[in-house]
Amino acid sequence: MENNTTSWQSGRIIQAFPKLQKNTETDVVIVGGGMAGLLSAYVLAKAGKKVTVLEKNKLAEGVTMYTTAFLTQIIDTDAEDVCRMLGLKKAKLMYASHMSGMALIERIVRDEKIDCAFKRVSNFIVATTRNEAEGLEDELDVLKALDINTTLHHNHSIGFANSAVLEIKEQAKFHPLQFLSGLVPVLVSLGVEIYEDTEVQSLSNQTAVAGGEHVIAKAGDFAVRAKWSITATYQPFDNPAGVFMKKGMYVSYVYEIEVPKGTYTEGLYEDMKNPYHYFRVDSSSVCDTIIVGGEDHRKEIPMDKEKNWQALTDYCNKTFGKDTYTVIRRWDGLVLEPSNGFALIGIIRKNQILVTAFSGNGMSYSGIAALMAKDIITTGKSSWDTLYNPKRYPTYTMLRIKIRDYLGEFIHGALRNMFKYTRKYAKSFRVMIKEKMKKIT
């Protein structure tokens, strides 16, 4: 089993770029060379803007490398709670924005002829108890009111034991590194300047001699002067005061496993637990693979990672059958959660755009961020500003719902694993010691 390598690393054939070694000017400087930054570079270059990308390490080497690459409009908050927080009209707009983010990636794949295993599939929400099945019936009514293409099945034949399955249609999956490997040469052909190993220390505004505001991105001894900046780093490098208390970092654990071909329906899956588990089934010619994740907890909680891996192993054994799969690799990745459940995307300071806190929907949010950045820079506003404005403050209802979710996640996740697997490991340790003592004597 490979440890802390991801399914996508073999697909990382992205060309290398030099370090910034000069002062330069551009229309838009993008800090961060992951999915969000490179998608933004593409749509802005297509809109006729001169774009410069500055990446601290190597392109797509950060959180993009550790994604599970779901493309779904179903976010980590139940649709019923989303409607309570936003109201029906804004909730429709929010779900539609995720479809637009997916559609952008699909359009680029088609227009630029990128081979990245992009495929439209269904997202299945799986209930395993009667109470969960009743919850899916309530969720179905809300999703239909939101104009989302969905169907509820009872005892559905998908390969997994279930009480009910809610199928959300027209979602998607792809290979993110193959996608970016194909996108980067297109960016170069569009005139985008890319610099790697270039860490930006500061962004500051400056009034030009001829009038107008500019942003200065300072990187070591050199600087990029731009009309606009986009900060597309996972954790905002300058941690703006306006978003300091609006996000929290989580750790999620992932296995890639192999199963016999045709055992399960290809698609995206999630259960109804808290913390929930999620997985994608990918078909291949010899066998199928499943990328399964979960056991999320706040990064600040001092956890023994092996306890979380054991919890995920127990979940796989229960869901797929103990002797029916083989673990190929495992990794853990970061998930930056917004405090009220919705990403932070928009103007944070004059001429400075921030995109962050994408929760478990990093791929579709990257598309949303790119489309918003283009609209803000070219027209002055986006139709999704009110949804994702990074300077907004959560309402009481938003905080109450998300605190309930996060507290449930802590009690049934990190806290449970701390105590459950401590006892289990202690017992195993005692058995091992007894066996060794027998050999000695």
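Helices α1 and α7 lie oblique to each other, a class that takes in the angles left over once those under 35 degrees are counted as roughly parallel, those over 145 as roughly antiparallel and those from 65 to 115 as roughly perpendicular. The structure is a predicted model, in which local features need a pLDDT of at least 70 and side-chain atom pairs count only at pLDDT 80 or more, while totals for chains, interfaces and linings use all residues. Residues are numbered from 1 along each chain as its sequence is written, and side-chain values use heavy atoms, with hydrogens and water left out.

The angle between α1 (residues 35-46) and α7 (residues 362-379) is about 40 degrees, and their axes are 8 Å apart; axes are lines fitted to C-alpha atoms, for helices over the stretch in contact, and angles run from 0 to 180 degrees between N-to-C directions. The crossing of α1 and α7 is right-handed, meaning that the near helix is turned clockwise from the far one by less than a right angle. On the α1 side, the contact (heavy atoms within 4.5 Å) is made by Met35, Ala36, Leu39, Ser40, Val43 and Leu44, and on the α7 side by Met363, Ser366, Gly367, Ala369, Ala370, Ala373, Lys374 and Ile377.

A second helix pair is formed by α2 (residues 79-86) and α4 (residues 130-145), whose axes come within 8 Å and cross at roughly 50 degrees, so that α2 and α4 are likewise oblique to each other. Here Ala79, Glu80 and Cys83 of α2 meet Asp138, Glu139, Val142 and Leu143 of α4.

Across the protein, which has nine helices (DSSP runs of H or I, at least four residues) and 18 strands (runs of E, at least two), buried residues (under 20% relative accessible area, with a 1.4 Å probe and protein chains only) make up 55% of the 441 residues. The largest nonpolar core, a core being a set of buried Ala, Val, Leu, Ile, Met, Phe, Trp, Tyr and Cys residues joined through side-chain atoms within 4.5 Å, holds 92 residues, of which Phe174, Phe179, Leu183, Ile230, Ile345 and Tyr388 touch the most other members. The element that gives the most to this core is α7, with ten residues. When residues up to four places away in sequence are not counted, Phe174 touches a set of residues that includes Trp8, Met35, Phe179, Arg280 and Met363. A second, separate core of 22 residues includes Ile158, Tyr253, Tyr255 and Tyr315.

Conventions:
Buried < 20%, exposed > 50% of the residue type's maximum accessible area, 1.4 Å probe, protein only.
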